Structures are given as structure tokens and as C-alpha cells.
Amino acid sequence: MKSVIHVSDVSKNYGSHQVLEKISLNVEKNKIYGLLGPSGAGKTTLVKMIAGIETPTKGSIKVLDTLMPNLHNMTRIGFMAQSDALYVELSGKENLEFFASIYGLKGQKQKERIEHAASLVNLTEFLKKPVHQYSGGMKRRLSLAAALLHEPEILILDEPTVGIDPVLRQSIWNELYKLSDAGTTILVTTHVMDEAEKCGHLGMLRDGRLIASGSPQELKESTASTTIEDAFLYYGGVRNEN
């Protein structure tokens with residue numbers, strides 16, 4: 001299977017502080033790849049570099065066979081940041097119209113994509129409300145809708161379901177499966193173990209290093225673990241004595 005994201009020996013420093021150290025990974029086309037790790041592990045920094053928002057200190061990143069950052073390539077990527085980049089004085093619909101126009105969506109096509117994306121995240125009836133009246137979970141859902149508007153080839157989601165209730169979280173994951181089946185490659189960061197189980201492939205990050213990668217089943221079997229949490233603790237150097 002062809003890799004559409006290729007991270008090669010990437011390190012990232014901010015001054016003297018090293019955030020990531022020699023990360024190498026490949027994400028195959030129309031797979032769901034999860035980056036699992038606690039806060040501060042470097043997940044957000046890594047996905048920002050893959051999206052072309054930040055540049056590596058060392059190493060290289062190719063997305064769709066193109067060295068990043070690359071402005072044209074960024075239009076082929078949908079990126080949902082951990083913090084919601086929304087205009088709170090505008091309505092949900094006005095936010096989606098703004099993002100759609102950035103992606104070059106106009107007229108009937110824009111209207112159809114906004115309706116589809118809003119329906120996907122269960123926000124249709126709230127689109128006329130100003131975003132400052134939205135709950136945290138509703139803002140996350142609006143951010144996800146904005147990332148989906150232009151039908152990107154690659155979808156990068158940084159902690160997409162934080163603050164979202166379990167029922168809606170499951171419906172969003174069901175939609176991610178459908179997108180993956182239809183050919184979208186999805187890279188998702190999470191610190192939630194049951195979400196990690198939903199990914200086809202996992203990269204485990206700790207203290208800026210990739211400590212393990214494989215399917216959730218492979219990672220559990222290779223550590224004789226019954227849960228992803230136990231496998232993560234094993235690879236992180238914490239042995240289960242039970």
C-alpha cells in the first residue's frame with residue numbers, strides 16, 4: 001500500500017528545548033493512523049509540521065509525494081487544530097461560508113458542502129446561532145465541519161473529540177470510517193485509550209520520541225497486554241508486575 005505521509009528522521013527544537021527527536025513514520029493511503037500519547041508528548045507539534053504549519057528543525061516530511069511545507073499541498077489537507085480557530089462573533093453558518101470561500105467553494109457547491117458537513121456533526125439546527133453561544137463541544141464539531149468542507153484527500157485531526165459526549169463521539173468515528181472507506185487518509189491525535197483502539201495503525205509518542213508503532217492488535221500481542229493502555233505503559237518503560 002502506498003504511503004501518502006512520509007516522516008523521515010524529524011526533530012523539532014524551540015530554542016534549546018527539544019520537542020521531537022528523530023521521528024520516522026509512514027501513513028498509508030485511506031488508513032486511519034492514530035498518534036497516541038499524553039499531553040506534552042509532541043503530538044500537536046508533529047501534526048502541525050505534517051500539515052505544513054510548522055517546519056522541522058531536522059529531517060523531512062513528504063505529503064502526497066511533495067516536500068512540506070508546500071502551499072498548494074495545504075489545499076489538499078483538512079486540518080482541525082486542538083484549539084478552535086473560529087470567529088465567535090459570527091454564526092456557525094457564516095464561519096463555514098468563510099472557510100468554504102478560502103477553499104474556493106462557491107455557489108451551489110458551497111451550499112451543498114456546508115449542509116453536508118453540518119449534518120455530519122449534528123449542527124444543522126444551530127447554524128444560525130452566533131458561535132459565542134456554542135458550548136465547547138459544539139465548537140469542536142464546527143471545527144471538524146470546517147476541516148471537511150473541501151473534501152480533502154488527507155484529514156488531520158488534533159484531539160477531535162475532546163469535550164464531545166460519547167454518543168456523538170461514536171457517530172463522528174462512524175463518519176471517519178466512512179471517509180476512510182471512500183479514500184480519505186486520516187491522521188488523528190488522541191490521549192484516550194478507547195479511541196486509540198479505533199485506529200487501524202498506531203504510533204505511540206512519549207517525551208518527543210516514537211516508542212512503538214503497529215496495529216492496536218499487534219501492539220497488544222507483542223507486549224502480552226490485554227489493553228492498549230498496558231501496551232503503552234510497557235513501551236514507555238513501565239512494566240506490569242501483576
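Two strands count as paired here if DSSP finds at least two bridges between them. Helices (H or I, at least four residues) and strands (E, at least two) are simply DSSP runs, numbered from the N terminus. This is a predicted model, with local features needing pLDDT of at least 70, side-chain atom pairs counted only at pLDDT 80 or more, and totals for chains, interfaces and linings using all residues. Residues are numbered from 1 along each chain as its sequence is written, and side-chain values use heavy atoms, with hydrogens and water left out.

**View 1. Glycine 34 sits opposite valine 188, where β3 meets β8.** Strand β3 (residues 32-36) and strand β8 (residues 185-190) run parallel, with 5 bridges joining them. Valine 188 belongs to β8. Both strands are part of an open sheet of 6 strands, in the order β6-β7-β8-β3-β9-β10, with mixed pairing. At its edges are β6 (77-80) and β10 (209-214), each pairing on one side only. From one strand to the next, the twist averages 15 degrees.

**View 2. Helix α5 packs on the six-stranded sheet.** Spanning residues 136-148, α5 touches β6 and β7 (154-158); contact here means heavy atoms within 4.5 Å. The direction of α5 makes about 170 degrees with that of β6. For such angles, axes are lines fitted to C-alpha atoms (for helices, over the stretch in contact), and values run from 0 to 180 degrees between N-to-C directions.

**View 3. Leu157 is one of the best-connected members of the largest nonpolar core.** A core of this kind is a set of buried Ala, Val, Leu, Ile, Met, Phe, Trp, Tyr and Cys residues joined through side-chain atoms within 4.5 Å, and buried means under 20% relative accessible area (1.4 Å probe, protein chains only). This core has 45 residues, and Leu96, Leu149, Leu155, Leu176 and Met204 join Leu157 as those with the most contacts inside it. Helix α5 gives the most to this core, with 7 residues. Setting aside neighbours within four places in sequence, leucine 157 is in contact with Met80, Leu144, Leu176, Ile186, Leu187, Val188 and Thr189. Another core, of 26 residues, lies apart from the largest one, and Val4, Val63, Leu64 and Met68 are among its members.

**View 4. A hairpin links β1 and β2.** Strands β1 (residues 3-14) and β2 (residues 17-28) run antiparallel and are joined by 8 bridges. Asparagine 13 has glutamine 18 of β2 as its bridge partner, while histidine 6 is partnered by asparagine 26 in β2. The hairpin has 2 residues between the strands, and glycine 15 takes a positive phi near 65 degrees. Look outward and you find an open sheet of 4 strands, ordered β2-β1-β4-β5, with antiparallel pairing. Its edge strands are β2 and β5 (66-67), each pairing on one side only.

**View 5. Helix α1 lies across β1, β2 and β4.** The helix runs at about 125 degrees to β1. Because 7 of the 9 residues of α1 (residues 43-51) are buried, the helix is largely enclosed by the rest of the structure. The buried ones are Lys43, Thr45, Leu46, Val47, Met49, Ile50 and Ala51. Right after α1 comes glycine 52, with a positive phi near 90 degrees.

Key. Buried < 20%, exposed > 50% of the residue type's maximum accessible area, 1.4 Å probe, protein only.
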